[in-house]
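Reader: Before I rely on any contact in a model, I would like to hear how each label was earned. Could we go through the ligand surroundings with that in mind?

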Amino acid sequence: MVVPSPTSMIRTKKTKAVGIPTIDLSAERSLLSELVVKACEEYGFFKVVNHNVPKEVISRLDEEGIEFFSKNSSEKCQAGTSTPFGYGCKNIGPNGDKGELEYLLLHSNPVSISERSKTIAKDHPIKFSCIVNDYIKAVKELTCEILELAAEGLWVPDKSSLSKIIKDEHSDSLLRINHYPPVKKLGNENWDPSKLHNSNIINSNNTIGFGEHSDPQILTILRSNNVGGLQISTHHGLWIPVPPDPNEFYVMVGDALQVLTNGRFVSVRHRVLTNTTKPRMSMMYFAAPPLNWLISPLSKMVTIHSPSLYRPFTWAQYKQAAYALRLGDTRLDQFKVQKQEDSNNEHDSHSL
Ligand SMILES: C=C1C[C@]23C[C@@]1(O)CC[C@H]2[C@@]12CCC[C@@](C)(C(=O)O1)[C@H]2[C@@H]3C(=O)O
Ligand SMILES: O=C(O)CCC(=O)C(=O)O
Ligand SMILES: [Fe+2]
């Protein structure tokens with residue numbers, strides 16, 4: 001069932017109740033597929049409960065994250081500076097984006113994990129890789145289950161047309177563990193508005209942990225400790241705080257799924273604000289296609305009345321475009337099919 005969770009209910013100025021959908025995966029399948037499609041259409045975001053990811057798989061990765069981030073900075077830097085994989089601190093991506101966080105970014109490939117484990121967990125690399133692999137295996141199964149439900153709900157003839165992209169052995173999926181140390185509220189005596197310029201301070205209480213963006217991949221499966229800060233933007237541009245829940249997962253529609261569904265699902269824009277007293281730790285599985293996978297709307301999503309909105313591109317081309325842009329940029333614009341009138345106008349202006 002989709003039930004707006006009471007803690008996530010907030011009221012806009014027009015006193016409209018807005019709640020994040022929660023989907024109980026133990027419900028009946030035909031109902032579930034409808035609910036997944038509805039949540040993906042309305043928010044591009046929902047929470048799943050009764051997800052079958054074992055508690056120990058989650059708690060063991062949690063412990064590894066806590067142990068790693070409690071090390072001193074020179075020890076953490078030995079994990080290799082993020083280019084893009086390894087340890088990163090404050091710098092997000094290659095184009096000058098910054099946030100009040102540190103993170104570990106890993107490729108989901110077991111060979112890559114095994115290599116990275118030697119520098120991330122020097123004294124127990126094999127244990128660390130097993131814990132990471134177990135977590136990835138479990139969340140990958142959850143991702144495939146959700147993608148199969150989505151395909152069923154969209155009445156796509158081949159129910160595996162989305163999940164098979166993630167199941168491919170060359171899938172470019174990633175795992176990221178983010179750690180947001182608390183950022184103290186500025187006392188009035190320190191309050192210098194000139195310092196606001198170009199900084200991550202958005203008001204006197206919170207700083208930006210991770211700036212507004214959408215995830216480029218197909219689906220993101222997110223889990224965090226009990227400290228909030230994540231916010232999602234509704235299709236109307238309203239920011240909704242997401243209540244933290246260490247036992248459950250949140251699911252986000254990414255840009256690639258927006259294309260595969262020909263815009264019926266829209267990737268969710270989100271951001272993280274830091275807490276003033278407590279550290280937030282979150283872990284994201286970014287489910288992605290193989291690099292050479294050609295991404296274009298599923299044929300069922302293209303009709304005479306809803307022609308393809310995007311031109312086909314490979315995941316490698318999309319990644320290249322994403323990495324050439326800033327975090328908050330809308331990268332999909334570059335891949336949109338131009339409307340007939342636009343191209344006519346363009347033609348007119350050229351011929352002037
Ligand atoms: C600024 C950037 C960081 C990012 C790559 C990018 O150029 C634009 C997309 C960003 C993002 C957001 C979701 C997770 C992530 C790993 C990804 O695939 O795209 C990050 C990239 C990153 O942190 O390297
Ligand atoms: O840390 C979070 O809760 C979300 C981080 C995020 O959006 C990302 O890493 O892409
Ligand atoms: Fe994100």
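Reader: What makes the pair formed by an oxygen atom of ligand 1 and the side chain of Gln217 a polar contact?

Author: In this predicted model, the oxygen atom of ligand 1 is 2.8 Å from an N or O atom in the side chain of Gln217; a polar contact is a pair of N or O atoms within 3.5 Å, so this pair is one. A polar side-chain atom of Arg176 lies 2.9 Å from an oxygen atom of ligand 1, and a backbone N or O atom of Ala322 also lies 2.9 Å from an oxygen atom of ligand 1.

Reader: How much of ligand 1 does the protein bury?

Author: Taken alone, ligand 1 exposes 460 Å², and the protein buries 98% of that. Strand 7 (174–180) and helix 8 (315–324) are the elements that give two or more residues to the shell around ligand 1.

Reader: Why is the pair between Asp215 and ligand 2 called a polar contact?

Author: A polar side-chain atom of Asp215 lies 3.4 Å from an oxygen atom of ligand 2, and because the cut-off is within 3.5 Å, the pair counts. Oxygen atoms of ligand 2 are also 2.6 Å from an N or O atom in the side chain of Ser282 and 3.1 Å from one in the side chain of His213.

Reader: Which strand gives the largest share of the shell around ligand 2?

Author: That share, 4 residues, comes from strand 14, and the shell around ligand 2 divides into 6 nonpolar, 4 polar and 3 charged residues.

Terms used:
Residues numbered from 1 in each chain as written. Chains lettered and ligands numbered in written order. Predicted model: local features only at pLDDT ≥ 70, side-chain atom pairs only at ≥ 80, totals over all residues. Heavy atoms only, no water. Polar contact = N/O pair within 3.5 Å; in protein donor to acceptor, adjacent residues only side chain to side chain. Areas by Shrake-Rupley, 256 points an atom, 1.4 Å probe, with all protein chains shown as cover. Nonpolar A, V, L, I, M, F, W, Y, C, P; charged D, E, K, R; others polar.
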